Amino acid sequence: MRDEEARNILIANDRGGYTVPNGRVYPFQWNWDSAFVALGFATFDRDRAWVEIETLFKAQWTDGFLPHIVFWQDDPGYFPGPERWASGTDPLTSGITQPPVAATVVRALWDQGGVADRPRLEALFPKLMAWHRWFWRYRDRSGQGLVVALHPWETGRDNAPEWDRPGAAIDASDVAPYVRRDTSHLDASMRPTALEYDRYVALLDFGRERGWDHGRIAAENPFQVADVGLTMILLRADRDLLALAEALGRQDDASDLRERIALAEQGVDWLWNEEVGAYGSRDLLTGEPSGFITSASFLSFYAGLKHPDRDARLLGHLDRIGARVRYLTPSLDPADPGFDMMRYWRGPVWAVVNYMIGQGLAETGHGAMAERVRRDTRDLIQTSGFYEAFDPTSGAPTGGDDFSWTAAIWLCWAGR
Ligand code: GLC
């Protein structure tokens, strides 16, 4: 029954070639939401799955950048909308990006479909490659194999506590007035605070005032954090893109990808925090590690990293956290004093993150823990419905309902 409900959510949120994350709160196309949504469509309509990604890449900029939001049609009920971003592009978009899961999803579509999909893969491949090159060029300027986020929204984990200290460097004292829309649709106690929101808008204005010149913004931005999530996700996506490059016989791209993978495998060492025994983000400007254990700390498995000592410590944390809360994987360690089981990326469980963690654990030989993560995700959705996120202690729903990516993850993984 839940399968049918999940399919119906995707169909109802389909706006013709792209799917909105949720019709009320998020009325446009979001980058990584769409990629996950394609995995859901692939379980019953492979053509529609490809279309989702193809539509997203229609909004790619000439420098390879792929925006985090595409404003295919305006919606006055949303802030910050296309006027505030002022991208000057057609279609209008935001000026920041989001975690690059698309190559991994395209590889999954290709693996399922095979030769019949070759023309579609050939058309998409150079676009994916251009986006990855954009990351290498603008978001790893010192060539360390990391990915630097210039806005918390780029990480996909908007209000994770990892951005608190680096965020203090953002001057939000004279942000031009604005009206938030998220808190009129949703309970404010589940959303980022006013200070956090001011910082989001200040960074947006900073980029817009520089005409979305990504080179210049990368050099001058007051917020520059090597994000553990983005870094692990790009490493994983580079590996998948390499498999696609090999399938298409693109030797030059393949050798560049191999080089970047090797670099990232070294680079992630800088994100390992020996004291806490976990990977975490690190402020590039001060060098300071965040010190937090978040759900993104466990994406090293998904990135294909194998490091017995570190893996044992990470699995130890998962055991400890899993004994403390009913449902893995809370977005923040419940032992942290800032843990808030309802507040967005400071506690709640997100189905897409669980999917990446679960996949990674299964692929690296940690089947029992992978299965725990999958079952917890299934039970959450089974009990509470297709919500944006869930309270890891009680399983209560948080955020918006009828969420596309939650439905997609049910179809491709959790509800299997
Ligand atoms: C929130 C999430 C982000 C997601 C977006 C749309 O901003 O933090 O990860 O892409 O909503 O669902």
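Ala86 has its place in the loop between α4 and α5, and the phi angle of this residue is near 45 degrees, a positive value in a residue other than glycine. The model is a predicted one, and this briefing takes up its backbone geometry, the site of its ligand, and the enclosed and open spaces that a search of the structure brings out. The space taken by the ligand is the largest cavity, and the protein covers 96% of the 310 Å² of accessible area that the ligand has on its own.

**Backbone geometry in the loops**

- The peptide bond that runs from Phe79 to Pro80 is cis, with omega near -5 degrees, and Pro80 is placed in the loop between β2 (69–70) and α4 (82–85).
- Leu328 and Thr329 are likewise joined by a cis peptide bond, for which omega is about 0 degrees, and Thr329 belongs to the loop between α13 (308–324) and α14.

**The ligand and its shell**

- The residues around the ligand are Pro21, Tyr26, Trp30, Trp32, Asp33, Gln98, Gly156, Asp158, Tyr344, Trp345, Phe403 and Trp405, and by class this shell divides into 8 nonpolar, 2 polar and 2 charged residues.
- Two side chains place polar atoms by oxygen atoms of the ligand: a polar side-chain atom of Trp32 lies 3.1 Å from an oxygen atom of the ligand, and a polar side-chain atom of Gln98 lies 2.9 Å from an oxygen atom of the ligand.
- The backbone also takes part in the list of polar contacts, since a backbone N or O atom of Gly156 lies 2.6 Å from an oxygen atom of the ligand.
- With these contacts in place, the cover that the protein gives to the ligand comes to 96% of the 310 Å² of accessible area that the ligand has on its own.

**Cavities**

- Rolling a probe the size of a water molecule over the atoms shows where empty space is left.
- A search of the whole structure finds 6 cavities of 30 Å³ or more, and the largest cavity, with a volume of about 330 Å³, is the space taken by the ligand.
- The lining of the largest cavity consists of 27 residues, of which Tyr26, Trp30, Tyr78, Asp158 and Tyr344 lie nearest its centre; Tyr26, Trp30, Asp158 and Tyr344 are also among the residues around the ligand.
- By class, the lining residues of the largest cavity divide into 16 nonpolar, 5 polar and 6 charged, while α2 (31–41) and α8 (182–185) each supply at least two residues of that lining.

**The largest pocket**

- About 240 Å³ of space lies in the largest pocket, which is lined by 14 residues, with Leu39, Thr104, Ala108, Tyr355 and Gln359 lying nearest its centre.
- The elements that give two or more residues to the lining of this pocket are α2, α5 (102–113), α11 (228–248) and α14 (351–363), and α5 provides the largest share, 6 residues.
- The residues that line the largest pocket divide by class into 7 nonpolar, 3 polar and 4 charged.
- Helix α2 thus appears in both settings, as it supplies at least two residues of the lining of the largest cavity and gives two or more residues to the lining of the largest pocket.

Definitions and conventions
Residues are numbered from 1 along each chain as its sequence is written. This is a predicted model: local features need pLDDT of at least 70, side-chain atom pairs count only at pLDDT 80 or more; totals for chains, interfaces and linings use all residues. Side-chain values use heavy atoms; hydrogens and water are left out. A residue is near a molecule or strand if one of its heavy atoms lies within 4 Å of it. A polar contact is a pair of N or O atoms within 3.5 Å; within protein, one must be able to donate a hydrogen and the other to accept it, and residues adjacent in sequence count only if both atoms are side-chain atoms. Accessible areas come from the Shrake-Rupley method with a 1.4 Å probe; for residues, only the protein chains shown count as cover. On a 1 Å grid over the protein atoms alone, a cavity is a set of points where a 1.4 Å probe fits but cannot get out, and a pocket is an open set with protein on both sides within 12 Å along at least five of seven lines; lining residues have an atom within 4 Å of a point. A molecule sits in a cavity or pocket if more than half of its atoms lie within 2 Å of its grid points. Ala, Val, Leu, Ile, Met, Phe, Trp, Tyr, Cys and Pro count as nonpolar, Asp, Glu, Lys and Arg as charged, and the others, Gly among them, as polar. Grid points are joined across faces, edges and corners, and a volume is the space filled by probe spheres set on the points. Helices (H or I, at least four residues) and strands (E, at least two) are DSSP runs, numbered from the N terminus.
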